[in-house]
Amino acid sequence: MGTVYAGAYAELIGADHEGYAARRLPDGSLTSTWTAQAADFTGYVAACSCGWHGSVDHPPTDDGEIAAAGEWHQTHLQELIAKAEAGWPSWAECVAVRARVVAGHVASGRPDMAAEIAARLEGEVATWRRTAQELAQEAAQSLTRGGV
Ligand SMILES: [Zn+2]
């Protein structure tokens, strides 16, 4: 139906964001489905499967549909990517805190708790490792294309 982001931050952003051009119905509501009732829609509005929608009504034309889909990409998706990009420092702090908790449990004779928290930490680190690897691939592809 819509557009799903598959870039470096896709795993951190999650699968709840599929962008599409919703149709504005004469009663003001938005719909993502095509029905006979939706035939006399008044415009396209950028929308996302998470519930977000844009504030601009684009014309009920092919160009309007493209503009609405572009608005999802330029507005909502870019905000999600920027938020994920800004998460590196807090993630690093969280990893440091958890690592100290693991050490504390070992020191206080709770290796079972240490192992449980270390396993969670391992999963989180793996997610960010994959993200960093995706970023490295995107950077390499960008260089191959001449930085475009
Ligand atoms: Zn969304």
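Domain bounds, as I use them here, come from an automatic or database domain assignment. I am working from a predicted model, and for this protein the assignment gives domain 1 (3-85) and domain 2 (88-144).

I looked up how the two domains sit relative to each other, and found that 33 Å separate the centres of domain 1 and domain 2, taken over C-alpha atoms. The contact takes five residues from domain 1 and six residues from domain 2; on the domain 1 side, the touching residues divide into three nonpolar, one polar and one charged.

I then turned to the overall dimensions. The C-alpha trace spans about 70 × 40 × 20 Å along its principal axes, and the radius of gyration is 22 Å, where a compact globule of 148 residues would have one near 15 Å. Buried residues make up 16% of the 148 residues.

For the secondary structure I noted four helices and four strands, which run β-α-β-β-β-α-α-α from the N terminus on.

Next I asked which residues make up the largest nonpolar core. There are twelve in all, among them Tyr 20, Tyr 44, Cys 48, Trp 72 and Leu 80. Strand S2 (18-24), strand S4 (43-48) and helix H2 (62-85) are the elements that give two or more residues to this core, and S4 gives the most, with five residues.

Finally I followed one core residue, Val 45, and listed its neighbours, leaving out residues up to four places away in sequence. Val 45 touches Ala 22, Arg 24, Leu 30, His 53, Gly 54, Asp 57 and Ala 68, and of these Ala 22 and Ala 68 are listed in the core as well.

Conventions:
Residues numbered from 1 in each chain as written. Predicted model: local features only at pLDDT ≥ 70, side-chain atom pairs only at ≥ 80, totals over all residues. Core = buried A, V, L, I, M, F, W, Y, C linked by C-beta atoms within 7 Å. Buried ≥ 20, exposed ≤ 12 C-beta atoms within 10 Å, placed from the backbone. Contact = placed C-beta atoms within 7 Å. Nonpolar A, V, L, I, M, F, W, Y, C, P; charged D, E, K, R; others polar. Rg over C-alpha atoms; globule rule 2.2 N^0.38 Å.
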